[in-house]
Amino acid sequence: MAKLKSRGVIFAQYVSAAYVAMAAQQSIDISGEASETNDTTTLDGGAYKTKDPTGYVDPPTIKLSGLYDPTIATYTNFAGLVSTPAATNFKITYTDTAPTSAIYSGVGFAIDKKISPEKHITADITIVTSGAPS
Amino acid sequence: MKCKFINDTDTEPSLLPESEAAKAVARPSRNRETGEIRNDWYFPAGTELDHPDAWKMVNFGMATASDQECVDACQKITADEKSRRELAYQADAKGINEEADRDLFFRGVITGYERLQNGSLAYIPGPNWGDHAQKIEAEKAKEDEEL
């Protein structure tokens, strides 16, 4: 099994006609993608509770954390989505030779900036996705 | 309004007008879910995009304006700032985010990363790779001597 490097992963936002790389990110977290279950325990059942799949899947939420520079495309594009939300594609390309990629449809957007004397200014971006990644 | 992409640029033909979608080229990519090889689409470097938002691509540093309408719509910046922005975008698009690697990229020591079969990455040497390699060799030799 190959041990893939995080270094070199590309995360991009679709803007107008092309995917625009989101720069200066220090971490990317794609989590929460999970099949939904339903408690199907009955009073006449055994001691162990039972659960069954509902057939639905929760799409993931994407969180990026990086250095903040209000002049670069990463943030100027994204700020526009926070104030005027619109379904927008985001693409991650991994560092394997194929390479493997996934496209997520973002529908909810948030950006939090952190400013403190002993650190560089950073920003946390949250993207709520909808539907199946492709 | 028209611009020309400086590097290969990923796109989504299904979201483009037919005339522009026809300019996109396919390359194989693995679907993260099924593992199947499918097509990813991109505009090869030099492709001219005709789009009302072409000016945005120029402002990001990923394209150059190729008609007067686009020139007029773009931010007015100095040639130095333009070069700096274009180089910075190239690093972004190649996934070069680490400070030290960005420095190597900006100095022409590397041009990007090569993905190796074992999952690791190797530097793709740039025009100034030779000087850099010599310097590292010299430093190593000095260290060995001191030991």
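**Chain A and its partner, chain B**

Chain A has a radius of gyration of 19 Å, where a compact globule of 134 residues would come out near 14 Å. This is a predicted model: local features need pLDDT of at least 70, side-chain atom pairs count only at pLDDT 80 or more, and totals for chains, interfaces and linings use all residues. Residues are numbered from 1 along each chain as its sequence is written, while chains are lettered from A and ligands numbered from 1 in the order in which they are written.

Me: How do you know what a compact globule would give for chain A?

Reply: There's a rule: 2.2 Å times the number of residues to the power 0.38, with the radius taken over C-alpha atoms. For 134 residues that lands near 14 Å, but chain A has 19 Å. Its C-alpha atoms fill a box of roughly 65 × 35 × 35 Å along the principal axes.

Me: What makes a residue of chain A count as buried?

Reply: It needs 20 or more other C-beta atoms within 10 Å of its own, with C-beta atoms placed from the backbone (12 or fewer is exposed, in between is partly exposed). Buried residues make up 28% of chain A.

Me: Why is strand 8 of chain A said to pair with strand 3 of chain B?

Reply: Strands are DSSP runs of E, at least two residues, numbered from the N terminus. Pairing takes at least two DSSP bridges, and these two strands have 2, so they qualify. The sense is parallel, and A:T100 stands opposite B:R30.

Me: What makes residues of chains A and B "in contact"?

Reply: Their C-beta atoms, placed from the backbone, lie within 7 Å. That links 32 residues of chain B with 32 of chain A.

Definitions and conventions. Two residues are in contact if their C-beta atoms, placed from the backbone, lie within 7 Å. Helices (H or I, at least four residues) and strands (E, at least two) are DSSP runs, numbered from the N terminus.
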